[in-house]
Amino acid sequence: MDAVQRHRSMYKGTTPPWKETYRKRCVERLKNSRSRLLEKFRQMGEDSGGSKRSLLVQEVMEEEWSALQSSNQSLPSLWNGSGIRDVYAAQQEYDELSAFEEIQQELIAQELLILEEYNNSMRYEEQYINSVLEGMEASGQIICPVCHANNLTVNSHFTSCPCGLYVNTIGRNVTAEVLQNLLEQRMTEHMEDCLHNPSFSMAFNTDGSPNLMISCKVCDYLSVVL
């Protein structure tokens, strides 16, 4: 049995003391870097769909390890230009390479989940916009974003739906085309930072006038559509 094997055998199954702290910090940084991840994903274009490599995991692990190491000088330097250093050099007292690989796999799974949610949301947005366009082509009206069942009545005085949606639009020059653009703009604005589907509802100003609102419980996004 060589030195590396003896070293592994001696510390096999031992958990490095920094593992859980480092894992939590990496997961949190990855979640907080969602916008950066999605930007990388969008920049890859069509190639991103077939890519099997992670887009941000190594960067996140390197950044968090450097931050952790700055507060604990006893931690080894595990990263070089091409990734984790030599197995024996990295292990020291614990099986650190194994811990790194476990954390890396968890982060890759988290990254794939974020991208899957993003793709699902993109499909939802595309389906909604297509339904809006189909509704306009068929009847010159827009499908209600609140109930998704009825066509909106849009004229120079008000925008309404049998489900209860009603917004006074006197003097605002609101047309079906204008409302469609407003809905698309708000959906796109929300999608830039959040992967979850928003909802539409009625809300009232301090003066009691109603507005059509778009909101998201996950990211706390809130904006007036009309």
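Me: How should one read a polar contact, and which atom of Arg29 lies 2.7 Å from a polar atom of the side chain of Ser33?

Reply: A polar contact is a pair of N or O atoms within 3.5 Å; within protein, one atom must be able to donate a hydrogen and the other to accept it, and residues adjacent in sequence count only if both atoms are side-chain atoms. Here the partner on Arg29 is its backbone oxygen, at 2.7 Å from the polar side-chain atom of Ser33. This is a predicted model, in which local features need pLDDT of at least 70 and side-chain atom pairs count only at pLDDT 80 or more, while totals for chains, interfaces and linings use all residues. Residues are numbered from 1 along each chain as its sequence is written, and side-chain values use heavy atoms, with hydrogens and water left out.

Me: Where is Ser33 placed, and is Ser33 buried or exposed?

Reply: Helices (H or I, at least four residues) and strands (E, at least two) are DSSP runs, numbered from the N terminus. Ser33 sits in the loop between H2 and helix H3 (34-44). Buried means under 20% relative accessible area, exposed over 50%, and partly exposed in between (1.4 Å probe, protein chains only). Ser33 counts as buried because its relative accessible area is 9%.

Me: At what angle do helix H2 and helix H4 pack?

Reply: Axes are lines fitted to C-alpha atoms, for helices over the stretch in contact, and angles run from 0 to 180 degrees between N-to-C directions. Helix H2 (residues 19-32) packs against helix H4 (residues 57-71) at about 130 degrees, and their axes are 9 Å apart. H2 is therefore oblique to H4, since angles under 35 degrees count as roughly parallel, over 145 as roughly antiparallel, 65 to 115 as roughly perpendicular and the rest as oblique.

Me: Which residues make the contact between H2 and H4?

Reply: Contact means heavy atoms within 4.5 Å. H2 contributes Thr21, Tyr22, Arg25, Cys26, Arg29 and Leu30, and H4 contributes Val60, Met61, Glu63, Glu64, Trp65, Ala67 and Leu68. By class, this contact of H2 with H4 holds eight nonpolar, one polar and four charged residues; Ala, Val, Leu, Ile, Met, Phe, Trp, Tyr, Cys and Pro count as nonpolar, Asp, Glu, Lys and Arg as charged, and the others, Gly among them, as polar.

Me: What should one make of the sign of phi, and what is the value for Asn173?

Reply: Most residues other than glycine have a negative phi. Asn173 is not a glycine, yet its phi is positive, at about 55 degrees. Asn173 lies in the loop between strand E5 (166-168) and H7, and it counts as exposed because its relative accessibility is 68%. Asp220 also has a positive phi, near 65 degrees, in a residue other than glycine. The loop that holds Asp220 runs between strand E7 (210-215) and strand E8 (222-224), and Asp220 counts as exposed at 65% relative accessibility.

Me: How does one read separation along the chain against separation in space, and how far apart in space are Met191 and Ser121?

Reply: The two separations are set side by side. Met191 and Ser121 are 70 residues apart in sequence and 7.7 Å apart from C-alpha to C-alpha. Met191 belongs to helix H7 (residues 176-191) and is buried, with a relative accessible area of 7%. Pro145, in the loop between helix H6 (96-139) and strand E3 (153-154), is buried at 1% relative accessible area. Its C-alpha atom is 10.0 Å from that of Met213, 68 residues away along the chain.

Me: Which residues does Ser160 touch?

Reply: Not counting residues up to four places away in sequence, Ser160 touches Asn151, Leu152, Thr153, Leu165 and Tyr166. Ser160 lies in strand E4 (residues 158-160) and counts as buried at 12% relative accessibility.

Me: What do the totals for the chain show, and how many helices and strands are there?

Reply: The chain has seven helices and eight strands. Of its 226 residues, 37% count as buried. Among contacts between residues at least 6 apart in sequence, 53% join residues at least 24 apart.
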